[in-house]
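Here are a few exercises to work through with the model open beside you. Try each task before you read its solution.

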Amino acid sequence: RGVLNYNKPKIHVKFKIDVNTVNLNLIDLDMDGTGLTDAYAINITGASTNYGEILISGCNVHDFDRSLVYGNAASSKLSSFKIFNSIITSVNTKAGADFIDFRPTYVASIDIKNSTFNACSPGRDFVRVDAAAGFNDTGLNTNVVIDACTLYKPSELATIKRILYVRFLNNTSTVKNTLITDTPFAVYSNQPATTPPTFSNNYYFNAPGFMDAAIVNNKPDASGTVADPKFVSAATGNFKVTNQTLIDKNVGDPRWLK
């Protein structure tokens with residue numbers, strides 16, 4: 001944890017979560033993955049373990065070529081993965097994994113709030129939760145919440161990728177107060193196993209797939225609205241919104257609405 005949230009200490013590491021870990025809290029840090037190869041920012045490797053919480057709060061996380069979190073530990077459970085009040089930039093830029101990626105590791109809750117995701121996972125999915133062996137079809141549920149976030153160029157490349165690639169048998173998800181822009185091919189999901197999310201107060205720009213009911217198995221946001229947020233300078237990471245309607249509606253990461 002950084003002592004001063006306005007002067008975040010810079011760390012150049014990747015975290016490996018083994019069987020002796022209970023919780024991992026990363027707070028008010030600048031996490032730089034530049035130069036690290038096959039760098040999962042957080043890699044859950046310890047099998048047959050019940051983990052508690054993984055929290056990223058008030059952090060800048062950037063330039064990791066693999067997943068932000070990768071759950072590939074068989075027969076393990078994680079109670080929650082949380083991202084609050086953070087800016088994540090250029091993470092998961094190498095093919096082969098997804099951005100938030102849980103495979104044989106079961107996760108009960110993914111909670112993403114008040115955060116910005118800039119050019120993350122361009123050729124892969126944003127949230128992936130597979131049907132974890134030993135936990136799928138046992139009455140457990142995976143719940144995903146995305147609330148008050150700004151997503152710029154997520155999963156943007158020419159093959160259809162998903163924001164919610166959730167295939168655990170029992171799954172629920174909510175997307176609200178969120179702004180998604182500049183991703184011409186991405187959709188919420190094209191998987192029959194993904195339960196249709198609950199949507200509220202979301203806006204889109206140059207991102208037609210999220211409202212397109214014609215895409216097979218898509219889970220479109222019928223209540224969504226199209227509007228240009230008129231970012232001050234997306235190219236330099238300044239996502240300050242100048243469209244007054246979005247400001248009044250409190251859409252996107254709150255840091256850009258002031």
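**Exercise 1: a residue and its contacts**

Set aside the neighbours within four places in sequence, and find which residues threonine 195 is in contact with.

Solution. Threonine 195 touches Asn171 and Ser173 once those neighbours are left out. Keep in mind that this is a predicted model. Next, place the residue: threonine 195 belongs to the loop between β20 and β21. Then take one partner, serine 173: it is 22 residues from threonine 195 in sequence, while their C-alpha atoms are 7.6 Å apart in space. Finally, look at accessibility. Partly exposed covers values between 20% and 50%, so threonine 195, with a relative accessibility of 31%, counts as partly exposed.

**Exercise 2: classifying ring pairs**

Decide how the rings of phenylalanine 99 and phenylalanine 126 are arranged, then do likewise for tyrosine 188 and phenylalanine 210.

Solution. Start with the total: the model has 15 aromatic pairs. In one of them, phenylalanine 99 and phenylalanine 126 have ring centres 4.9 Å apart and planes at 25 degrees, and the pair is stacked. Planes under 30 degrees apart are what stacked requires. Now locate the partners: phenylalanine 99 is in the loop between β10 (87–91) and β11 (100–102), and phenylalanine 126 is in the loop between β14 (116–118) and β15 (127–129), so the pair links distant parts of the chain, 27 residues apart. Both of these phenylalanines are buried.

For tyrosine 188 and phenylalanine 210, the centres lie 4.8 Å apart and the planes meet at 70 degrees, so this pair is edge-to-face. Tyrosine 188 sits in the loop between β20 (179–181) and β21 (198–200), phenylalanine 210 in the loop between β22 (203–205) and β23 (225–226); the pair therefore ties together parts 22 residues apart in sequence. Tyrosine 188 and phenylalanine 210 are both buried.

**Exercise 3: the nonpolar cores**

Which residues of the largest nonpolar core touch the most other members?

Solution. The largest core has 53 residues, and those touching the most other members are Leu68, Phe81, Ile100, Ile110, Ile112 and Phe117. Zoom in on isoleucine 112: beyond four places in sequence, its contacts include Ile83, Ile100, Phe117, Phe126 and Val145. Another core, of 13 residues, lies apart from the largest one, and Leu179, Phe231, Ile247 and Leu257 are among its members.

**Exercise 4: a cluster and a charge**

Find the ring cluster that contains Trp256, and the ring over which the charged end of arginine 162 sits.

Solution. Ring pairs join Trp256 with Tyr152, Phe231 and Phe239 in a cluster. The charged end of arginine 162 is over the ring of tyrosine 165, at 3.8 Å from the ring centre.

Terms used:
Residues numbered from 1 in each chain as written. Predicted model: local features only at pLDDT ≥ 70, side-chain atom pairs only at ≥ 80, totals over all residues. Heavy atoms only, no water. Phe/Tyr/Trp six-rings, centres within 6.5 Å; stacked < 30°, edge-to-face > 60°. Helix = DSSP H or I, 4+ residues; strand = E, 2+ residues; numbered from the N terminus. Buried < 20%, exposed > 50% of the residue type's maximum accessible area, 1.4 Å probe, protein only. Lys NZ or Arg CZ within 6 Å of the ring centre and 35° of its normal. Contact = heavy atoms within 4.5 Å. Core = buried A, V, L, I, M, F, W, Y, C linked by side-chain atoms within 4.5 Å.
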